[in-house]
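The following exercises ask the reader to work through charged and aromatic side chains in a predicted model. Each task is followed by a solution in steps.

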Amino acid sequence: TIHLLQSIRTRRATTMYQRLVDGPGEPTVSRWDAAPDLERFLASFYRYFEVKGLRGILAIHTSHLVALAFTIGFSFVLLFLVNWHALLSCDSEESCRALPLYHTRPFQDMGLRRLGVLVCTILFLVYWIFNVVAVYYDVCAARDISTYYKERLGIVSDESLETMLWSEVVSRLVQQQKVSPFCIVQEELTALEIANIIMREDNFMIALTNHHAFTSRMPAWIPPRLAYTKAVLWNLRNAIFRSAGAFDHRSRIRNEFLDRPEALAQRLKFLGWINLVLVPPVLIFVAIYFFMRHAEEFRSQRSSPFRRQWTDYAHWTFREFNELPHQFSARMCGAQAAAEAYIRATRPSSPVLESVLRCVKFIAGSILAALLVVALWDDTPLLFVKIQDKNLLWYLAFFGFVFAVADSASEESTGGAPGGGAGRSESGNPLHAPSAPLRMYTALMRLVTCTHFLPPSWRSPAPLAALAGACSGLRRSRLCQHFRCVRQELLRDLLVHRIQALAEELLGVVLSPLLLIFYLPQAAPDIVEVMRRSHHTSPCLGDWCSYGCLDPAINGSDFYGAPCVLDGGSSSTGEPHQSGSFMHRFREEALASNGGKLEKSVLTFLLNHQLIWSPGVEDDTCRNEILELQRSRNQLGTWLAGVAGPAGDALGGLAHSA
């Protein structure tokens with residue numbers, strides 16, 4: 001099926017290559033489009049599509065540079081120029097006027113703290129200059145890509161690009177390779193090969209996450225999600241893929257990287273010591289950036305800090321092979337709403353907590369109302385009337401925060417959506433209804449439909465008849481408890497509050513030296529082993545992750561119909577046994593994906609690169625190729641439904657309905 005998919009991708013590109021009405025004529029064959037760096041060219045090509053044109057790239061880079069410069073400058077003013085000792089010591093209007101609120105001679109008698117601030121500011125200015133240089137080269141590359149889109153692909157405006165699918169754009173690119181090659185090492189390219197080149201590193205990151213390579217040696221007291229904070233993940237990617245890492249200049253995995261995992265461990269330790277030195281300035285910079293970015297939003301939208309968001313660990317767990325960022329983002333938008341619905345469906349009732357929250361809201365709201373009345377009459381008492389050495393303005397902010405926390409918690413406990421909404425009006429008292437397990441199961445399946453993630457511990461322990469109410473109350477209680485345990489697992493590592501996510505990003509800056517020096521070097525053999533046994537060598541295009549080839553016969557799971565060649569380390573569900581060593585997860589010759597990741601990736605890639613044919617199409621060749629593609633999709637759906645039982649039925653139905 002996969003090889004048929006590749007051949008169809010190549011053949012149908014000819015019929016898809018149709019210039020827009022307002023585009024120029026056909027390109028001349030005599031012109032040569034050889035790209036000196038194919039990977040950089042395709043990455044820039046995709047980035048141009050992702051942000052929908054040159055204007056999007058200019059806007060993103062300009063706002064990034066302005067925000068970064070403002071953060072550096074504002075931090076320098078706050079930490080270096082402002083006289084905080086005088087500012088915090090003034091307690092009246094007269095004393096504040098008498099004291100200098102900023103240093104009149106800032107570069108004299110700086111002291112150790114202000115000297116450190118000055119050094120950090122200089123370092124961040126150097127970092128900003130490097131960003132300016134990188135933006136300059138990115139904009140130059142985007143300008144060339146813009147010319148390529150207009151002159152070679154016939155997409156003459158950003159407005160036209162906004163309405164096009166990636167499958168349509170990449171089909172034009174495949175045809176352009178035939179007409180005027182940009183890849184000189186291979187005559188033809190397929191959409192599958194283009195996706196593998198663009199996602200060369202990301203596919204390996206997905207594979208490493210799928211086999212728990214980063215977290216297999218971490219202690220139990222460190223949650224796996226902390227290994228995927230931005231600080232730790234940036235260091236991991238640099239150690240593995242850059243700075244004399246896995247790939248050479250031809251994008252092939254170096255034998256030295258595969259033969260000497262201790263070299264990777266040494267690079268991780270070296271980065272850990274560098275991070276240890278840079279912890280203070282980076283932590284201060286990130287904290288100030290987060291404060292300036294989110295403080296006003298949290299103040300104006302009181303429920304915003306307590307809204308949930310997916311962690312980066314969840315993103316790398318859910319993402320599939322060859323799934324480009326814009327496709328994954330679209331899928332996760334639906335997953336967010338489905339996750340919130342599942343959390344509401346499985347939330348246990350707590351009359352005690354609800355009563356306490358109502359009481360806290362009443363007390364805090366009453367005090368806020370009194371302070372607001374005083375403020376409306378005259379705001380002077382808010383500044384100069386003090387209780388326990390705190391003025392009334394401080395109490396206004398404090399009780400406002402308490403009320404926001406209680407209000408957000410009460411909305412969750414009653415099942416309401418953040419920011420207000422009804423409580424349990426749609427289902428009354430769902431936990432006492434006979435069909436409560438079925439509603440929980442339905443909500444979970446809607447979530448799984450978006451995330452494509454269903455570990456064995458999440459699967460229903462009872463048939464649908466029992467979930468629908470054909471069981472005793474005691475068994476119904478156990479079923480509800482099962483789905484609440486799934487909810488706890490979901491909220492533990494995958495879906496957290498925004499305020500928690502921000503706090504963990506700051507914690508990641510602090511923990512990155514610890515992880516890089518002590519724990520992640522121990523995982524270096526596992527990382528190298530995954531890459532050694534899951535890399536594919538293309539004769540002309542370099543090495544990439546073998547999962548990106550989308551061949552279930554090589555890397556598939558026996559539970560989803562792949563040949564049963566495991567060495568005994570996989571269970572009947574296609575999941576690795578929890579006992580035993582890390583190596584028990586692997587096949588003797590190739591890595592089998594966990595949880596049917598490869599089979600789901602096949603189906604997702606097939607659906608993302610589909611064509612919709614209507615009876616009005618007059619081109620018989622195009623129609624026949626589309627019908628052939630539909631037949632291959634039906635064959636894939638039949639195969640999944642036939643070999644995987646209930647799980648395959650769901651995937652097979654999705655394939656047939658596409």
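**Exercise 1.** Determine which residues Arg-267 is in contact with, leaving aside its neighbours within four places in sequence, and establish whether Arg-267 is buried or exposed.

*Solution.* Begin with the contacts: once the neighbours within four places in sequence are set aside, Arg-267 touches Ala-239, Ser-243, Ala-244, Gly-245 and Phe-257. Next, place the residue in the secondary structure, where Arg-267 belongs to helix 13, spanning residues 261-300. Finally, consider its charge: Arg-267 is buried and yet has no salt bridge. The nearest side chain of opposite charge is that of Glu-256, 6.7 Å away, whereas a salt bridge requires a side-chain nitrogen within 4 Å of a carboxyl oxygen.

**Exercise 2.** Identify the salt-bridge partner of Arg-260, and classify both side chains by their accessibility.

*Solution.* The partner is Glu-256, with the closest N and O atoms 3.5 Å apart. For the accessibility, the partly exposed class lies between 20% and 50%. Arg-260 has a relative accessibility of 33% and therefore counts as partly exposed, and Glu-256, with a relative accessible area of 44%, is partly exposed as well.

**Exercise 3.** Find how many salt bridges the whole structure holds, and examine where the partners in the pairs Glu-159 with Arg-55 and Arg-242 with Glu-201 lie along the chain.

*Solution.* A search of the whole structure gives 23 salt bridges. In one of the pairs to be examined, the side chains of Glu-159 and Arg-55 meet at 2.9 Å, taken from N to O. This pair links distant parts of the chain, since Glu-159 is in helix 7 (residues 158-162) and Arg-55 is in helix 3 (residues 54-81), 104 residues apart. With a relative accessibility of 45%, Glu-159 counts as partly exposed.

In the other pair, the side chains of Arg-242 and Glu-201 form a salt bridge at 3.2 Å, N to O. Here too distant parts of the chain are linked: Arg-242 sits in the loop between helix 11 (230-241) and helix 12 (255-259), while Glu-201 sits in helix 10 (residues 200-210), 41 residues apart. The two ends fall into separate classes, for Arg-242 is partly exposed at 36% relative accessible area, whereas Glu-201 is buried at 17%.

**Exercise 4.** Describe the geometry of the ring pairs Phe-41 with Phe-45 and Tyr-289 with Phe-290, and state how many aromatic pairs the structure holds.

*Solution.* The structure holds 30 aromatic pairs. For Phe-41 and Phe-45, the ring centres are 6.3 Å apart and the planes meet at 35°, so this pair is tilted. Both residues lie in helix 2 (residues 38-50), where they are four residues apart, or about one turn of the helix. Phe-41 counts as buried at 13% relative accessibility, and Phe-45 is buried with a relative accessible area of 0%.

For Tyr-289 and Phe-290, the centres are 6.1 Å apart and the planes lie at 45°, so this pair is likewise tilted. Tyr-289 is partly exposed at 31% relative accessibility, while Phe-290 is buried at 16%.

**Exercise 5.** Locate the charged side chains that lie over the faces of Phe-49 and Phe-80.

*Solution.* Over the face of Phe-49 lies Lys-52, at 3.7 Å from the ring centre. Phe-49 is also a member of a cluster linked by ring pairs, including Phe-41, Phe-45 and Trp-166. Over the face of Phe-80 lies Arg-114, at 4.3 Å from the ring centre.

Definitions and conventions. Residues are numbered from 1 along each chain as its sequence is written. This is a predicted model: local features need pLDDT of at least 70, side-chain atom pairs count only at pLDDT 80 or more; totals for chains, interfaces and linings use all residues. Side-chain values use heavy atoms; hydrogens and water are left out. Helices (H or I, at least four residues) and strands (E, at least two) are DSSP runs, numbered from the N terminus. Buried means under 20% relative accessible area, exposed over 50%, partly exposed in between (1.4 Å probe, protein chains only). Lys and Arg count as positive and Asp and Glu as negative; His and the chain ends are not counted. Contact means heavy atoms within 4.5 Å. Rings of Phe, Tyr and Trp (its six-membered ring) pair if their centres lie within 6.5 Å; planes under 30 degrees apart count as stacked, over 60 as edge-to-face and the rest as tilted. A charge sits over a ring if NZ of Lys or CZ of Arg is within 6 Å of the ring centre and within 35 degrees of the ring normal.
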